[in-house]
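Biologist: I should like to learn how one reads the surroundings of a ligand and the empty spaces of a protein model. Could we take them one by one?

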Amino acid sequence: MDKKLAIIILAAGKGVRMKSSLPKVMHKVCGRPMLGYVVDLAFSLNPKRIVAVLGHKHELVRKEVPARVRVAIQKRLSGTADAVKVSLKELKGLSGTVVILYGDVPLLKRETVKGLIKRHLENNADVTLLTADLKKPKGYGRVLRDKYSSVCGIVEEKEADDFDKDIKEINTGIMCFNKKSLESALGKVRADNKKKEYYLTDVIKILYSRGGLIEGMKIEDANEAMGINSRVELAKANLLMQSKINEDFMLKGVSIIDPGSTFINYGAKIGQDSVIYPFTVIESDVKIGKRCSIGPFARLREGAHILDDVTLGNFLEITRAKIGKNTFAKHFCYIADTRVGNSVNIGAGTVTANFDGLNKHNTVIKDKVFIGSDTIMVAPVKVGKGSKTGAGAVVIRDIPDGKTAVGVPARILKKKG
Ligand code: UD1
Ligand code: CA
């Protein structure tokens, strides 16, 4: 643990530009609220303390904040400087370095922030900013440099004149402060701008005017520091995060035939030598074993737990279901609230009718079952070990081990099928 390090996560804003009733930081990137990634990043830096500043719909946002994170509530959303001020109560008694992270910057990497902190400490600076060069800097605060090319301020887009707007170096928002310098400058910030907000970025010119040491560190990959303000940016971040998730899987030994059309959420697990075919959606809380073949056009939803050597083919949806080893379901299926055993063959068009309009019910399919094409299993129902169903069977009663059921509603054949 770094005893001299505290982290503040700003996440109180409404996110007006999202045009949403959901607070911005709760919008999902690859199936996870963006704030979740920022909280993970904060923990990965091993600080003495983390404070999250919440405001808009804070009860809802708090669900994404683990208990070990302190929460400060910003009652009036009057700007990023005010948000930081509110959080300082929770940092009493601590001294040293304070890093500011933004809840709407979810792609940032640990190494980058580590590098920022290192640079800050080496120079013994009052503040070290993470900056980026952008071809299209619109929307971001621009970094002002004096004639010695030292950082001397930040001008927000709303306040920027045409000359400022031409500046390509932007403020990512991520800053590393000496705590004392931060506290002393915060008190001097005024809301004398078009938005009538207290801008954290004003702290820079305040420190500069006092002769403070301000460092800027440029990030190599500007994408990492992208702030999400609109749904257009949300989609961009999703794309970037998706390619990272897919690459991580490929590097761990999973084949993805077309990463551009494969959508795997944060938190999904896939074992080595599995192959994922195009247009497959794998949502959060899905586990896939080793040597499986999934897709094309498969959708695995939450609670799909697929054991080793399973083949799930095209056009199927699986949710809250465990699929045993060596099982096949190659074409058109809906399998939900179901436990499927090992070495089961599920024919084309099989459906578990799990919902009766009021409640959901379970289906159990034991080992070595053969489900004929177009079978409907009306849950709750159990299909016994080694049993079979005929094509088009509508199974409304349990099938004993080794028996065959056919017809609508399905009846059990007397002889062993
Ligand atoms: C901010 C920076 C801008 C920078 C950009 C980087 C300021 C004034 N501007 O602009 O220089 O280029 O981020 O992405 O800091 N928040 C609060 N309380 C508030 C207002 C905001 O907690 O009262 C939080 C938001 O939830 C968000 C973060 O602070 O997580 C940034 O706020 P946002 O309104 O998105 O700032 P930008 O306009 O993007
Ligand atoms: Ca922002």
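**The ligand and the spaces around it**

Modeller: Among the 23 residues around ligand 1, those that come nearest are Gln 74, Gly 79, Thr 80, Glu 156 and Asn 171; a residue is near a molecule or strand if one of its heavy atoms lies within 4 Å of it. This is a predicted model, in which local features need pLDDT of at least 70 and side-chain atom pairs count only at pLDDT 80 or more, while totals for chains, interfaces and linings use all residues. Residues are numbered from 1 along each chain as its sequence is written, chains are lettered from A and ligands numbered from 1 in the order in which they are written, and side-chain values use heavy atoms, with hydrogens and water left out.

Biologist: Which elements supply at least two residues of the shell around ligand 1?

Modeller: Elements are DSSP runs numbered from the N terminus, helices being H or I of at least four residues and strands E of at least two. Strand 1 (2–11), helix 3 (80–88) and strand 10 (169–178) each do so. The shell contains eight nonpolar, 11 polar and four charged residues, where Ala, Val, Leu, Ile, Met, Phe, Trp, Tyr, Cys and Pro count as nonpolar, Asp, Glu, Lys and Arg as charged, and the others, Gly among them, as polar.

Biologist: Which atoms of Thr 80 and Asn 171 lie 2.8 Å and 2.6 Å from an oxygen atom of ligand 1?

Modeller: A polar contact is a pair of N or O atoms within 3.5 Å; within protein, one must be able to donate a hydrogen and the other to accept it, and residues adjacent in sequence count only if both atoms are side-chain atoms. For Thr 80 it is a polar side-chain atom, at 2.8 Å, whereas for Asn 171 it is a backbone N or O atom, at 2.6 Å. Asn 229 also has a polar side-chain atom 3.3 Å from an oxygen atom of ligand 1. The protein buries 92% of the 760 Å² that ligand 1 exposes when taken alone (Shrake-Rupley method, 1.4 Å probe; for residues, only the protein chains shown count as cover).

Biologist: Where does ligand 1 sit?

Modeller: Rolling a probe the size of a water molecule over the atoms shows where empty space is left. On a 1 Å grid over the protein atoms alone, a cavity is a set of points where a 1.4 Å probe fits but cannot get out, and a pocket is an open set with protein on both sides within 12 Å along at least five of seven lines; lining residues have an atom within 4 Å of a point. Ligand 1 sits in the largest pocket, in that more than half of its atoms lie within 2 Å of the grid points. This pocket holds about 1,100 Å³, the space filled by probe spheres set on points joined across faces, edges and corners. It is lined by 37 residues, with Arg 17, Lys 24, Thr 80, Lys 195 and Asn 229 closest to its centre. Strand 10 gives the largest share of this lining, three residues.

Biologist: What is the volume of the second largest pocket, and which element gives the largest share of its lining?

Modeller: Its volume is about 630 Å³, and helix 8 provides seven residues, the largest share. Tyr 37, Leu 107, Met 241, Lys 244 and Asp 248 lie nearest its centre.

Biologist: How many cavities of 30 Å³ or more are found?

Modeller: One is found, with about 40 Å³ of space. Strand 1 gives four residues, the largest share of the lining.
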